[in-house]
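Here is a short briefing to read alongside the structure. Please keep the viewer open as you go through the points.

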Amino acid sequence: MNTKEKIVEFMEKQAYKPMLREELARAFEVEPIDYKDFFKLLDVMENEGLIIKTHKDRYGIPEKMNLVVGRLQCHQRGFGFLIPENKELKDVFVSAQDMNGALHGDKVVVRLITKSSEGRRQEGEVIRLLERVNKTIVGVYENSKNFGFVVPSDTRINMDIFIPKSEINGARTNQLVIVEITKWPEKRRNPEGKIIEILGHKNDTGTDILAIIKKYDLPEDFPEEVYEEAERIPEEIREDEIKRRLDLRDKNIFTIDGADAKDLDDAISIEKLENDNYKLGVHIADVTYYVRENSYLDKEALKRGTSVYFVDRVIPMLPKKLSNGVCSLHPGVPRLTLSIFMEINNNGKVVDHQIIETVIESKERLVYDDISDLLENDDAEQKKRYAHILEDLKLAEELCRILTSMREERGSIDFDFPESKIILDEKGKPIDVKKYDRRIANRIIEEFMLISNETVAEYMYWTDVPFLYRIHEDPDMEKINDFNKFIHNFGYHLKGSQEIHPKELQELIKKIENTKEETIINTLMLRSLRKAKYSAESEGHFGLAAKYYTHFTSPIRRYPDLQIHRIIKEFINNKINDQRIDKLRALLPRVAEQSSDTERTADEASRETDDLKKVEYMADRVGQEYDGIISGVMPFGIFVELGNTIEGLVHISTLIDDYYEYDQPNYRFIGEKTKKIYRIGDEVRIRVVGTDVANRQIDFVLI
């Protein structure tokens, strides 16, 4: 336990009363010569929000002072929620009046005004700012006579930024700009700033995506030293390295990916054994051979955490020389891999496995749709083209179905939300949006990666070597109970109010399949669960109903996978000693936190680009009519989802044939005179009447 932890533990004791810093120093038997360093430590802890200094210069922990430390998640209307750093505490509502100059994402101290009670949330006000995160903001510049202002692109920052005339730096109205904050907002005063970069006119092609990249502070390029290190990597593999490994270049090994994928992480092989079991080989690019620990490449990969996939580009975790080149498992060329062979019986149980360093040569670069056509439709052309691996593909389908049944049996939750594929023209303009189906080839790879991740996680767990896991904690039962009340309106019920097993949620998903309420119940169920994250502790994966889980299969695009490859290779080569174990114990919690944070940022940025392009697509279709399904009912209107996954809002003010009352318990509107009902799952026909690109909103009216 370090000194910070000891101080917090000391203050958590029931008998503790806030002390002066000198009293604390004496309590910890600090020598007077070391007082200065001890006081500096208290300052650091105060800045981190671990302890609080009162106006009488006494120290204590926030929880004992009716205070909560956390980060703000704000809404475009000005209010927000404090997400506590202490995960055992509940979120705190903060009204717009009680923000006191804090912005979305800031780390703050909130004083509780009202505690939560039955049917009432706890509320608070910001009393101290610990960390400002919005040092630069992306937005649209607007000029006026004596000054300018920037309207933030992120609607969660609901204050315009005042720009003095001397700090406009050539910006013009309707240009997307980056502004650096020079004066932070106060209770009744907007922030001030200076324009440091002009991205282009808000309607220029490419400027929209660039603005999102800047908004999330994503890297646009690699530092020079990273490029130089990558360029020094040879294209050819050394002969002594090939001889050191198990040589699988003559084996039937192939990849299956999307048509436009370039970073091919994983390949598979499969055969049936004499005992009727399956031998599945999953061969993952050995990125750690090229990316050495603490190299420039490694430090940059950790900083990025993940590759970010946009509709028109990829921001890779590693330079293309590696991600699309020497690491990518292209057909017909030797590649270094870390392989796991699993013997799996007809019940989907892994009865034996081996993890080993290998060299492979992929025989085919297969595409999901082609293989799905072959397996689902018995496509004659594809059968002829892939005759040499047809039996392997059929075996893979067999094993996939066995593994799916095994997961279903134990209670794994499978949300099958419709995904969209957005097609752009050469200028970046969306020309089509269509539903993207998970077909049999996609499911084969998903199942094989899942079983690999589980097998590796369980194997490494029992070695007692520090490791990185993918965890999904049990849900907050308060949220599950709220969800249970909601589904009761549709005639469904979850048993138990103290704990929930994923099997119950899985059974509910089966019951609602192909019903009108399927989408909304699945959506609210997902919101009731916690988000999966990385951890140095194995705490299980609720959603997969798995006791052990990790991410092993994508080291080209995810840093945690790269990190665990390094640990696995050290372990199987007997290179882990006590010194290395101590180093890993200190390192892995930081890697887990960084990787979880960067994953969250990447997901938000990718989702925003998709939303942006969907709005742009519908902007050219104002006046057109479509069939859709009511996907949500809120007090202010009805959300309608179209067949291509695009969702728009029918505002309540446009329902003019009657006065409609919102029936909250049943999530529906009822006409006062006509008794007409609009509820989730109803089929409707709509006309597109408007789009708002800035707020990513599409407006419909019912026909």
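What follows covers charged surface patches and two buried polar residues.

The model is predicted. On its surface, Lys 479, Arg 530, Lys 531 and Arg 607 form a positive patch, while Glu 5, Glu 9, Glu 12 and Glu 63 gather in a negative one. Away from these patches, Lys 569 and Asn 453 both count as buried.

**Positive patch**
- Among the members of this patch is Arg 530, which sits in the loop between helix 15 (518–528) and strand 26 (533–535).
- Arg 530 has a relative accessible area of 36%, so it is partly exposed.

**Negative patch**
- One of the four glutamates here is Glu 9, and you will find Glu 9 in helix 1 (residues 3–12).
- Glu 9 counts as partly exposed because its relative accessibility is 41%.

**A buried lysine**
- Helix 16 (residues 559–572) holds Lys 569.
- With a relative accessibility of 13%, Lys 569 falls under the 20% cut-off for buried residues.
- The side chains of Lys 569 and Thr 288 make a polar contact at 3.0 Å.

**A buried asparagine**
- Look for Asn 453 in helix 12 (residues 440–461).
- Asn 453 counts as buried because its relative accessibility is 2%.
- Between Asn 453 and Gln 76 there is a separation of 377 residues in sequence, and their C-alpha atoms are 39 Å apart in space.

Terms used. Residues numbered from 1 in each chain as written. Predicted model: local features only at pLDDT ≥ 70, side-chain atom pairs only at ≥ 80, totals over all residues. Heavy atoms only, no water. Patch = residues over 30% accessible without salt bridge, like charges linked within 9 Å, V, L, I, M, F, W, Y side chains within 5 Å. Areas by Shrake-Rupley, 256 points an atom, 1.4 Å probe, with all protein chains shown as cover. Salt bridge = Lys/Arg side-chain N within 4 Å of Asp/Glu carboxyl O. Lys, Arg positive; Asp, Glu negative; His and termini not counted. Charge placed at Lys NZ, Arg CZ, Asp CG, Glu CD. Helix = DSSP H or I, 4+ residues; strand = E, 2+ residues; numbered from the N terminus. Buried < 20%, exposed > 50% of the residue type's maximum accessible area, 1.4 Å probe, protein only. Polar contact = N/O pair within 3.5 Å; in protein donor to acceptor, adjacent residues only side chain to side chain.
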